[in-house]
Amino acid sequence: MTNRDGHLLDEWIAAATAGDSPHLASFASGLRRDHAAVTAGLTLPYSSGAVEGIVNKIKFLKRQMFGRANLDLLRIRVLHYG
């Protein structure tokens, strides 16, 4: 995945579908459904890792505070720990 080999995706899907693992074949068929996005993700140098990290942090804070406080306190915590 670090080599940006998106052009090899079709070969990998064909090999995974022809293999013995039904779980891997199911995963490969899911990749086929969103082929353009998966190919772009494996080819382009862009990453949404920073955004995913922030979303993960906010979800963690929300889970920590579940049932204890309201949205105002969540906002303060997100801004303070950001």
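Is M65 buried or exposed? In this predicted model, M65 counts as buried, because its relative accessibility is 8% and the cut-off for burial is under 20%.

## Overall architecture

The protein contains five helices and zero strands. Along the sequence, the elements follow the pattern α-α-α-α-α. The radius of gyration is 19 Å, well over the 12 Å that the globule rule gives for 82 residues, so the protein is more spread out than a compact globule. The C-alpha trace spans about 50 × 30 × 20 Å along its principal axes.

Of contacts between residues at least 6 apart in sequence, 40% join residues at least 24 apart.

## Surface and charge

Buried residues account for 12% of the 82 residues. The accessible surface amounts to about 6800 Å², and carbon and sulfur atoms contribute 61% of it.

The protein carries 10 positive and 7 negative charges, and the mean positions of the two sets lie 17 Å apart.

## The segment before α1 and helix α3

R4 is located in the segment that precedes α1, which covers residues 9-18. Although R4 is not a glycine, its phi is positive, at about 55°. The residue is partly exposed, because its relative accessible area of 45% falls between the 20% and 50% cut-offs.

R4 is also one of the residues touched by T43, together with G6 and H7, when residues up to four places away in sequence are not counted. T43 belongs to helix α3 and is partly exposed, with a relative accessible area of 34%. Its side chain reaches the backbone oxygen of T39 at 2.6 Å. With respect to V55, twelve residues away along the chain, the C-alpha separation of T43 is 24 Å.

## Helix α2

R32 lies in helix α2, which comprises residues 22-33. The relative accessible area of R32 is 46%, and the residue is accordingly classed as partly exposed. Once neighbours within four places in sequence are left aside, R32 is in contact with I13 and T17.

A further relation links R32 with D10: the two residues are 22 apart in sequence, and their C-alpha atoms are 8.5 Å apart in space.

## The loop between α3 and α4

S47 occupies the loop that connects α3 (35-43) and α4 (49-64). With a relative accessible area of 68%, S47 is exposed, since the cut-off for that class is over 50%. The side chain of S47 reaches the backbone nitrogen of G49 at 3.0 Å.

## The loop between α4 and α5

M65 is situated in the loop between α4 and α5, the latter formed by residues 71-80. Which residues does M65 touch, not counting those up to four places away in sequence? The contacts of M65 under this condition are N70, L73, L74 and R77. Relative to V38, 27 residues away along the chain, M65 shows a C-alpha separation of 35 Å.

The two loop residues described here fall into opposite classes: M65 is buried at 8% relative accessibility, whereas S47 is exposed at 68% relative accessible area.

How values were computed:
Residues are numbered from 1 along each chain as its sequence is written. This is a predicted model: local features need pLDDT of at least 70, side-chain atom pairs count only at pLDDT 80 or more; totals for chains, interfaces and linings use all residues. Side-chain values use heavy atoms; hydrogens and water are left out. Helices (H or I, at least four residues) and strands (E, at least two) are DSSP runs, numbered from the N terminus. The radius of gyration is taken over C-alpha atoms; the globule rule is 2.2 Å times the number of residues to the power 0.38. Buried means under 20% relative accessible area, exposed over 50%, partly exposed in between (1.4 Å probe, protein chains only). Contact means heavy atoms within 4.5 Å. Accessible areas come from the Shrake-Rupley method with a 1.4 Å probe; for residues, only the protein chains shown count as cover. Lys and Arg count as positive and Asp and Glu as negative; His and the chain ends are not counted. The place of a charge is taken as NZ of Lys, CZ of Arg, CG of Asp or CD of Glu. A polar contact is a pair of N or O atoms within 3.5 Å; within protein, one must be able to donate a hydrogen and the other to accept it, and residues adjacent in sequence count only if both atoms are side-chain atoms.
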